[in-house]
Structures are given as structure tokens and as C-alpha cells.
Amino acid sequence: MVGGLEVLLSPVILFFVLGAAAAFARSDLAIPEAVAKGISLYLMAAIGLKGGVQVAASGASADMLAAAVAGLVLSCLIPLPAYAALRRFGKLDAVNAAAVAAHYGSVSVVTFVTGVEVLEAGGMAPGGYMVAVLALMETPAIIVGLMLAQRGATVEAQPKGALLHETLLNGSVVLLTGSFVIGLIAGKEGFAPIAPVFDGLFRGMLCLFLLDMGLVAARRLREARALTARLAGLAILFPIINGTIGVLVGTAAGLGPGSAAALGILAASASYIAVPAAMRLALPQADPGLYLAMSLAVTFPFNITVGIPLFSSLAARISGQ
Amino acid sequence: MVGGLEVLLSPVILFFVLGAAAAFARSDLAIPEAVAKGISLYLMAAIGLKGGVQVAASGASADMLAAAVAGLVLSCLIPLPAYAALRRFGKLDAVNAAAVAAHYGSVSVVTFVTGVEVLEAGGMAPGGYMVAVLALMETPAIIVGLMLAQRGATVEAQPKGALLHETLLNGSVVLLTGSFVIGLIAGKEGFAPIAPVFDGLFRGMLCLFLLDMGLVAARRLREARALTARLAGLAILFPIINGTIGVLVGTAAGLGPGSAAALGILAASASYIAVPAAMRLALPQADPGLYLAMSLAVTFPFNITVGIPLFSSLAARISGQ
Amino acid sequence: MVGGLEVLLSPVILFFVLGAAAAFARSDLAIPEAVAKGISLYLMAAIGLKGGVQVAASGASADMLAAAVAGLVLSCLIPLPAYAALRRFGKLDAVNAAAVAAHYGSVSVVTFVTGVEVLEAGGMAPGGYMVAVLALMETPAIIVGLMLAQRGATVEAQPKGALLHETLLNGSVVLLTGSFVIGLIAGKEGFAPIAPVFDGLFRGMLCLFLLDMGLVAARRLREARALTARLAGLAILFPIINGTIGVLVGTAAGLGPGSAAALGILAASASYIAVPAAMRLALPQADPGLYLAMSLAVTFPFNITVGIPLFSSLAARISGQ
Amino acid sequence: MTDTVARRKIEVLVDAPLLPRLTALADKAGVTGYTLLPALGGSGAGGRWSEDQVTGAQSKVLFMAVMSADKADKLVDALGPLLESHGLLLIASTVDVVRGGKF
Amino acid sequence: MTDTVARRKIEVLVDAPLLPRLTALADKAGVTGYTLLPALGGSGAGGRWSEDQVTGAQSKVLFMAVMSADKADKLVDALGPLLESHGLLLIASTVDVVRGGKF
Amino acid sequence: MTDTVARRKIEVLVDAPLLPRLTALADKAGVTGYTLLPALGGSGAGGRWSEDQVTGAQSKVLFMAVMSADKADKLVDALGPLLESHGLLLIASTVDVVRGGKF
Ligand SMILES: Nc1ncnc2c1ncn2[C@@H]1O[C@H](COP(=O)(O)O)[C@@H](O)[C@H]1O
Ligand SMILES: Nc1ncnc2c1ncn2[C@@H]1O[C@H](COP(=O)(O)O)[C@@H](O)[C@H]1O
Ligand SMILES: Nc1ncnc2c1ncn2[C@@H]1O[C@H](COP(=O)(O)O)[C@@H](O)[C@H]1O
Ligand code: NA
Ligand code: NA
Ligand code: NA
């Protein structure tokens, strides 16, 4: 089983905490943006490759399809209750509520990567195909969010084709999917010579990246003027509810405990790359300070420190491990 | 022997294809320039070190001298027929033809590095001294190109000393040569403690770099307005002819099949770092959009995907392996 | 024992020499600043982690306290005679003398890291707690320097709190201390999965970083107009004297030869990150061209090539090894 | 003395993901010469931001183009709706350039 | 034609570690809208410098803000001591902006 | 109120490998104070470019210097041939600076 405290005291999480502490103390510690971006691309390529290699070894399975359908459905439906809660309880206008809701339907790659790391360390490695599910879940919520915004307010008509294109071909989806396919083609043998980089360095690189994410998230929280107590509450409630639903749906769909936990982590996580960029283009009236504060400054740290162990042990318990 | 398809399906090449595909599909996938530049410096240091360590182990040989002379002669002579073809068939003016010709006389470090990788994987590792040949071949063609330009057109007299200095001491020549010497001094034992970085990570880093090169080359091809069908044809014909000549000359000079293949790859490759920078200074009338399109957007991808396997199997066949 | 020539011919030092040679020859070789900064943060995290893991294994000791006290006292006292020498022999005004003196009381992380590398290779590894001593010695000299400046000249009253905050929480202190604590918590077992990055890559990364430092130091030396022969002499004399004192004090305080050598290296080294930033804020009248030339362009290269072997063999000889 | 002529310089601070739309509009307005400068951060009605490549959502770029007064008017008109909907900062000023025929 | 109004643009080249102090002064003078641009290097009375993230001691940033003439005077006055003590470069110019009400 | 005086600001967009030649010419014309800003990309008669450190051949830098009108004329004249042969963009404008004695 995945122990809570043990996870919290692993270097991966401790580096995140160090980054957050440094930012709160107003230290000038900063990782060059180009380097942080480089590490994030590395993590995507690595997780994609590893997933592909695993699927190449284990072959396609019914699980895969079940997980894909479950992930797609979750990412399309999660924005709906989120939107309602944001409007009524969160007191947001239609455009901002729709924008925030889209973030929660989509996913965070780093949360997933950290989750896989924790699950593997706890002997509950999810299926390699979950990487494909991750890629599938990145973009549908953007469309749902825009539909919600257009229902709730008069929103400038956008060049749809352009937006769809930008969304579907955004860098992280392309890199994840492409690396997954490369992993599939290369298989164990093809992967061996590049394993020192994409496997051996993975955990250490994740430490450095989470150090940066701790800095970025905490700085944003410090400067988040738009974040009310109600919204902060929702930014913690959403992952708990969505994550629990994700684990239950995953288990019901017949996934093993590792994959069910991973689906819970995906459902609980909120996008802070693909969706903000799309919103900046399509819903410029929505406040980036708001949606980034919720997804990046509250939900992301919550998931890294509390959510991942929570959904992992939930999945383990349900499956009777 | 080095199989064509097998090479094409190795992760190193697949990442290049992924980058190119992403750029053609107009994805916003991008590797930060500082990181890509950092990886390219790493690759140069690593290939230099490895070459030096190998020569330290095997000692100087007659092969080394033969390869150096062959490389120098090739890089001085290749621009001449290339210039003629570019003027007559390519319909370029004297200045642009001279600038492009200089690129084909010089070499591409990444093409060489990828070639060595492929040759090693196929059991045909070239001699370590080929790194020194690579460094030797980087700059002479620049001088030849400028002489061609001055014969064919009235070109502003340049501060010769300055240009020669800039050319001979350009970063990649210095780093390659310096690392080669460090490898020579350090030898196997001195290299051991740094091998995890300069050897262990090599292939994986090459994957990430070729991902970027795929993006860069394909974006340039998409925006290449100056590239006519005739010029694109020459950009494929040049490497085929020059590479074949390189392999033949190398074999005739008594090099083993690995080193002869490497010489062919060097002859086939076209510079896109040292020569463009020198041309920008000394031949500002020449169009960078043109010479970078040919060398980087056509010849480089051709060599990575077709040229390297081609010259490798040619060298193997000639030497009767 | 740590041999002088052998050290000088290790790749780590040779890369430094290569960088310096390239800069003196006016090559355009340059490592992107973001990448160099990223590597420097990596080195700090790695040295911090390794120190923490070591202390976790060996437990707290009386040595630790002795080293901490010795380090603190050295960094507070070294600026005093340095100031006097800079004023009288160096002919500097009060403000510049105080600014330079503060640099010599503080420390250089990279000098320390290189020193540890050399000591470990020579079988004289210092105690892991020396990382904590390094962090302790970074900032006190800044305060001493400002007091010297205020005594010697009318210096604009500064917002003290702000400066103290900036100084104590500067990025490198936070990262070193934080990583040390993470290492302490994680211990050998927690460190194992991230060891490929933070241990395996260490030496190779140090090579690349010292290549950059060679470039940076030599470029600065070339452009150092403010550097008189007298000041250059002091920039060599200071590390010799301070380093010798450091070794003697360390040995007298009961430290083993490795830790005593490390204390000498710390005493000999001069800051070029934390102190310059603080001086730019608090003593803007002082000339950055001057204090960076002395600490970065003269003392740093001296310590890397001569100082480290010197203090290492001194410590070995005194302790009778 | 080298001759210089007066031209208009237009600067627009634009969100990075919006840049293709801006250059497309400029292109339509006949403005094909421009230079892009990176921005590090800033502050405005919408709060503070700082370049952060990981998120990318708040990266901004400074679009700068020199042109004749006529074209400048056309460009400002063409950009109007985009400036309005996305709240972009546009700065115009008069400058002197050499070889004015180019602009 | 889109309406533009004249405003003042103030640019200050400032040492990176000094930036928080500068923006705090601007804030006090009522200037809350500004943009920061990176600088690569330069030369002046104090010699040459170039952006060097490892040392960081000589990194500089270009602070740029557009505002009314009144506020510009106030800002220049407020920054006076800092410009003086740290020898900073300040450049003021007149520019035209759209939607002048913002500034 | 702080006193300001009028000066000329010269901006030149220059290919990175050409920069040493430009600053050497500026130096000869007596211009020793300048600041360099990075450029990300652009478009002109020669097509589009974007900063690409791997190739490096198309990196450009914005040279910016403030000086007296006299020196500005001299600088523009001195740079003339280089601007011409390499097709560089030069922008001149009038700005106000504090502590005008420096320039
Ligand atoms: N007056 C100003 N001067 C310079 N830059 C500004 C100004 N106002 C806004 N900006 C820039 O434009 C961005 C968006 O402004 P806003 O829409 O007011 O949040 C800010 O974050 C600044 O980078
Ligand atoms: N006349 C000028 N034009 C543009 N930038 C300048 C000028 N003078 C100084 N600078 C910049 O301001 C920095 C500090 O100037 P100084 O205090 O004169 O050394 C220089 O390094 C340049 O980057
Ligand atoms: N009108 C303009 N306004 C701003 N930048 C320009 C302009 N024309 C050219 N440039 C810049 O100068 C570079 C070279 O211009 P060109 O020689 O016309 O290709 C372009 O790539 C742009 O970055
Ligand atoms: Na989600
Ligand atoms: Na060639
Ligand atoms: Na010291």
C-alpha cells in the first residue's frame, strides 16, 4: 500500500515543499524558465516512451479501451457540475466559471507523472496505456468549457477551426502521443540504449522540476488577488470529489488498482498549460489570474501532497489490496 | 551490416520524424532555444571526448593522416562543382551560388554524430580520429566559397584577418578540438568518472536534440520561399554525389569501412552553423533564407533519414563486409 | 595524497582551462546563460543532498559544531585584514575596499564543489557537514563589509531589514540548506532512486559548468580595466593566506584532513554571486567591474588550478597522512 | 549627412498565443516588416505577470513595426477589434529612419 | 479612424536586484501599469557588461511604463534619489496610445 | 521638478555576428554608452526569421544608444556603409533624459 507520510517524505515531494517554502519566504531562488520548460518536455517524452514500451510488451487489452472511454467521459462531464458550483457557490460570472470549469475537466501532466512515480514506488504501477488516456483527456474539456461560456454569455464568435487546431495539436499532446508511439515501435530493445536518459534520470529530473513548480505555484498564490475563500475551497473540493469519482469509475470499469488510482489522479488534476493558453485566445474576458490561481496555486499543490496518496490508498482499499 | 529500415525505426530517427511531423502540422511544440543550444554543445563535447579517448587507446596511425588529408581535400574541392551546378542548373547568381557551395564543402556536426551512432549500433564504429577530421573540415570551404564569390562578382573587400579569426575559432571547432584533446589527455581512466554524462546520456540526448532539429528543419522548409524545385533537387543530389565520393575516397585511402562511411557522411553533410554565420558577415548580399533552406531544410533531413544508411551500406559493400 | 599535476590533468580542470583558452583567443564559444544557471543550481542541489545523506549516515558529531564555529569566525574576521590591505597596499577608497573585503569573507560554491571533487578523488573526502558550513559562511561577511564601509565613508542609510532578508534568503543559501535537509530526511535509501541524477551525473556536469566558468572568468579578466597590478597581486595573496589559515584553524579545531582542507578552500574562496548582488544594492558606489574582476577573474581561477591542490596537500601534510 | 525621413513606429504588447492572429492582421493591412522583442513581466489592471515558460499562458511579446503614417492609421484600425477584445497595449510614436523608401 | 491621445513613456534601465525597489517607488507614485523587457548587455561609464545569469550581479532590466504627463513628472521626481545613487538611465518620450482613459 | 534635456536615441537592429563590428564603429564615433536588447524574430524583405540559437545565423540584437544630436549625426554617418551593405534597420527619435551631462 502507498503510505501517506512515507510519500510526503520522499525527495520528490520534499523538493516541491522546498520550492514553495522559498517562494513564501520571498527568496530570490529561481530556475531559469528555459530550463524548467526543457525539463517539462523531457518528462513528457519520458512518460510517453515508458508507456509505449509497456504497452508494446503487454499488448493491447480491453482495459485500455475501458480506460480511454472512462477518461474521455470524465473529462467531458466534470466541467458541468464544476460550472454550476462555480456560478452558485463561487459567485463567478458565466465566462469565468466556464473557463475555470474547463481547467478541471482537463488534466495536469506533472500531477500524473508524480502520481505514477508514487504508485510505482508503492508497488502499484498503473498500466502503460494510462499515458494515452492522459493525452486523450487534455483537450475535450476546452470545447465543453467554451460551449458553457457561449450558453451563459454573449461571447465573441471565434474562428473555430483555428482554435480546434491549436487545441488538438498543442505541444504537450503531440509530444506525449508521439513519444508513446515511438515507445510502441521501439519496444524494450529499442528503448534500452536511451533508457539511461529516459528512465535512469526520471526521478531526479522530477525533483528539480517540482522544485520549480513549488516556486511557481507559491508565487502565484502569494499574488492571487482574485482568489476568494470560496473559490479556494472549491479548488480543494473539486479534486477530492473528482478524484474519488475517477477511482470509483476506474474500478467499476475493471481497471486494476494502479490504473484506477491513476484515473482518479487524472480526474482530480486541473490543467495549467493547454487550457489557459486556449482560454487566453478564446475567452479573453476571463481572468487568467483567477483560473491559474485555482488550478496551479491551490489544486496542484493539494494533489501533489494530499491527493495522490489519498486516491492511491482509496484505490488500493477498494480493490482489497 | 547497417539495415535501412531498422535504422529508420530507431528512437533517434523517430524523434526527428516526430519533430518534423509536429512542425508540418503546425503544432506549437517548441524546445527552448537555450536548451537546444545546450544539448548541441553537450553533443560536441561528448563526441570530442570519445574520439580523443579512443585515439589515446589505439595510438596514432597512418589512417589518421590519410583521413585528415582526404577530408581537407574534399572540403576544398567539393564547392567547385557545386558552384558550377548552382549557377547553371540552379540559376543562382554568383554570390548566392558561392555561399551555398561553401555550405556543402563544410560539414554538419549533428549529421556526423547521428552517423556515428548508427554505425556503432550496426557494429561498424569509425575510428576516433574521425572527430578531428570533422573539425578540420568545418572551415576551409568558407575560404573557397569567398574566393568563388570574389571571382564571380564584385564583393566588398572584407577585413580578412577578422573573418579568418572568426572562422577558425568558431565555437564548435574550438569545443570539438578542445574536447578531443581533453579526451586524449584523460584516456580511458580519466574518462571513467565522467562517462555517465558523456557516454551514458549520449543517445538519449541525441533523441531530444533531433526532436528539435526536426522542428527547426521542417519550419524552415515550410517558410522557404526562395527554394525552387531545381534547388531542392540539387540539395538532394549534392549529398548523394558527395557522400558516394567520400566513401570511395575513404576506402581508396585505406580507411576501414566505418571510417570510410563516416568520411562519406561528412562529405555529404552541409554546414548550418559555422558557414551561415561567416556568410552573414562576409557575403551579406547572399540570402540566408536560401542557403539555410538548402542545407538545413533539405539536405540535413535527407542525410539523417536516407543518406546515413546509404553511405553505411555502400562502405560495407565495397569493403566486402 | 592529492597530487598537483594529476589534478590539473583531470577533465574537470581541463574543461576550465579550455573555456579560459577559448575566451582569451576570442572564440565565440558560449554556453547559454540559462543552461549555465541551471547547471549551477543542479550542482548546489546535488552537493546539498550528498552532504545531508552523509550526515544522516554518520550522525551529528562534535566536528560539525567545531567546523561551523570555525567557519563563522573566519568569514567574519577575514574581511578586516583584507580591508586594511586593500586600502593601504591596494590604494582603494573605503567603499571599494569594504566591498572587495566582503567578497573574500564569503565563499564560492563552485570552488567548494570542485574542491570536494578533487579531495574525494584523492581519498580525502571531507565530512558531509561541510556543506552546512559552506551555507553558513555565505552571508556574514556582507554585514561586516557594510559596517566597514559605513565606518570609512558616509554611505547612504539602507533599509536594513530588506537587505538582511535578501542576503539570508538568497537563492543559493536556500537551495544548499534545503537540499541538505532533504538529504538528511531522505537518507541513503531515499536518495538511491535519485542518485543517478544527483550522484552519477555530478562530475560530468561539473565539467560543463567549469567550461562555462572558464569562459566567464577569462572574458571578465580581458575586460577588467579597473584591475591594477597591486590588486591582482592581492587577489592571489588573499586566497593563499586565507586558505592556509583555514587549514590550520580546521586542523586545530580537530577536523580530519579532508574537512580541514575543505575549510581552507572555503576560506580561500571569494563569493561572486551572493555578495556582488548585495553590494549592487547596498553599496552602489562600489565598482562591480573591480570586485568581480578580483573574485571571479583572478581568485577563482587561482583556486581552481593552484589553491585546491595546495590546501589539500597542506592539510594532508599537517595531519601526517 | 545621411538623409532620414519621418515614419511611424507602432508597438503592441501581445499575448504570445495571440501573436499569429496579430501578424496575420498586420499582413492584411500591408505591414510585412516587423520585429518581435521578448517581454519579461509586467503589471496592469489584470495584476502582475511574469514570463513563465512552463505555463506559457501569460507570456507576452512586443511587436514593433516602422511604417508610413498612412499604413500606421490602417494598421491601428485593423487591429482595433483585437486590441479591444483582448485589452492589448498599443503605442505609436514618430521616428526618423534612413533609407525611407523601404517603409 | 481610431482615436489616439498623447501620453508619456518612461523607460528606466535598472539593475535586476534593484527592480523590486523601483516598482515599489512606481507603485507609490501611482504607476501600476508597466512592462519589463530583458537586456542583453551594454556599455557605459562603468565599463561593459553582459547578461550573465551565473553571477547575476550585472543583469539589467528595462522598465517601461506609459502614463499621463502629470504622473510622469511625479514618477521622475519619486525615482530621483534612486536614479542618482545608483546612476540609472532614464528616458522619457511622448507617444500616442489608443484607449487613453486607461493611462 | 527634476530637469530633463532633449537627446537623440538611436536604435539599430543588427545581426548578432555583426555586433562587434557595429560597436567598434560606434566606439570610433565616440559613442561608448549603449544597451543591447534581445530580439525574438521578425519579418522583412528577406522573409521571416526567428531566434534560433542552434543555427545562430539569424539571431539579431537591438542596439540602443542615447546621445547628443551632434553625436547622433556622426554615428549615423559612420554606420552608413554597414547599414547599406547589410541592409540594417536604423531608427532615430528624440527623447528626454535626466542628468543630460552624461550624454
Ligand atoms: N501603462 C502601461 N505601461 C506599460 N505597460 C503596461 C501599461 N498598462 C499595461 N501594461 C502592460 O500590459 C499588460 C496587460 O495590461 P492590463 O490589461 O491592464 O492588465 C500588463 O501586464 C503590462 O505588461
Ligand atoms: N548613452 C547611453 N545609451 C544607452 N544606454 C546607456 C547609455 N549610457 C549608459 N547606458 C546603459 O546603462 C548602463 C550603466 O551605465 P553607466 O552607469 O554609465 O556605466 C550601461 O552599461 C549601459 O547599458
Ligand atoms: N518596417 C520594419 N519595422 C520593424 N522591423 C523591421 C522592418 N523592416 C524590417 N525589419 C526587421 O529587420 C529585419 C531585416 O529586414 P529585411 O532586410 O527587410 O529583411 C526583419 O527581419 C525585421 O526583423
Ligand atoms: Na481533471
Ligand atoms: Na560536406
Ligand atoms: Na572566503
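## Two ligand sites: sodium ion and ligand 3

B:Ser106 and B:Leu266 are both buried. The model is a predicted one.

**The sodium site.** B:Ser106 and B:Leu266 help to coordinate the sodium ion (ligand 5), together with B:Tyr104, B:Ala267 and B:Ser269. Each of these residues offers its O atom, at 2.4 to 2.9 Å. Along the chain the donors are spaced as Y-x1-S-x159-L-A-x1-S. The pair B:Ser106 and B:Leu266 links distant parts of the chain, 160 residues apart. B:Ser106 sits in the loop between α6 (94–105) and α7 (109–121) of chain B. B:Leu266 belongs to helix α15 (residues 257–268) of chain B.

**The ligand 3 site.** Ligand 3 lies between chains D and F. Its shell holds 17 residues, and the closest are D:Thr35, D:Val66, F:Ala45, F:Gly46 and F:Trp49. By class, the shell has nine nonpolar residues, seven polar and one charged.

Polar contacts come from chain D and chain F, as tabulated here.

| Residue | Protein atom | Ligand 3 atom | Distance |
|---|---|---|---|
| D:Gly33 | polar backbone atom | nitrogen | 3.4 Å |
| F:Gly46 | backbone N or O | oxygen | 2.7 Å |
| F:Trp49 | side-chain N or O | oxygen | 2.7 Å |

Taken alone, ligand 3 exposes 470 Å², and the protein buries 88% of that. Three elements give two or more residues to its shell: β2 (34–38) and β5 (60–67) of chain D, and β3 (41–44) of chain F.

Notes. Residues are numbered from 1 along each chain as its sequence is written. Chains are lettered from A and ligands numbered from 1 in the order in which they are written. This is a predicted model: local features need pLDDT of at least 70, side-chain atom pairs count only at pLDDT 80 or more; totals for chains, interfaces and linings use all residues. Side-chain values use heavy atoms; hydrogens and water are left out. A residue is near a molecule or strand if one of its heavy atoms lies within 4 Å of it. A polar contact is a pair of N or O atoms within 3.5 Å; within protein, one must be able to donate a hydrogen and the other to accept it, and residues adjacent in sequence count only if both atoms are side-chain atoms. Accessible areas come from the Shrake-Rupley method with a 1.4 Å probe; for residues, only the protein chains shown count as cover. Helices (H or I, at least four residues) and strands (E, at least two) are DSSP runs, numbered from the N terminus. Ala, Val, Leu, Ile, Met, Phe, Trp, Tyr, Cys and Pro count as nonpolar, Asp, Glu, Lys and Arg as charged, and the others, Gly among them, as polar. Donors are N, O and S atoms within 2.8 Å of the metal (3.2 Å for Na, K and Ca); water is not among the atoms, so sites may look incomplete. Buried means under 20% relative accessible area, exposed over 50%, partly exposed in between (1.4 Å probe, protein chains only).
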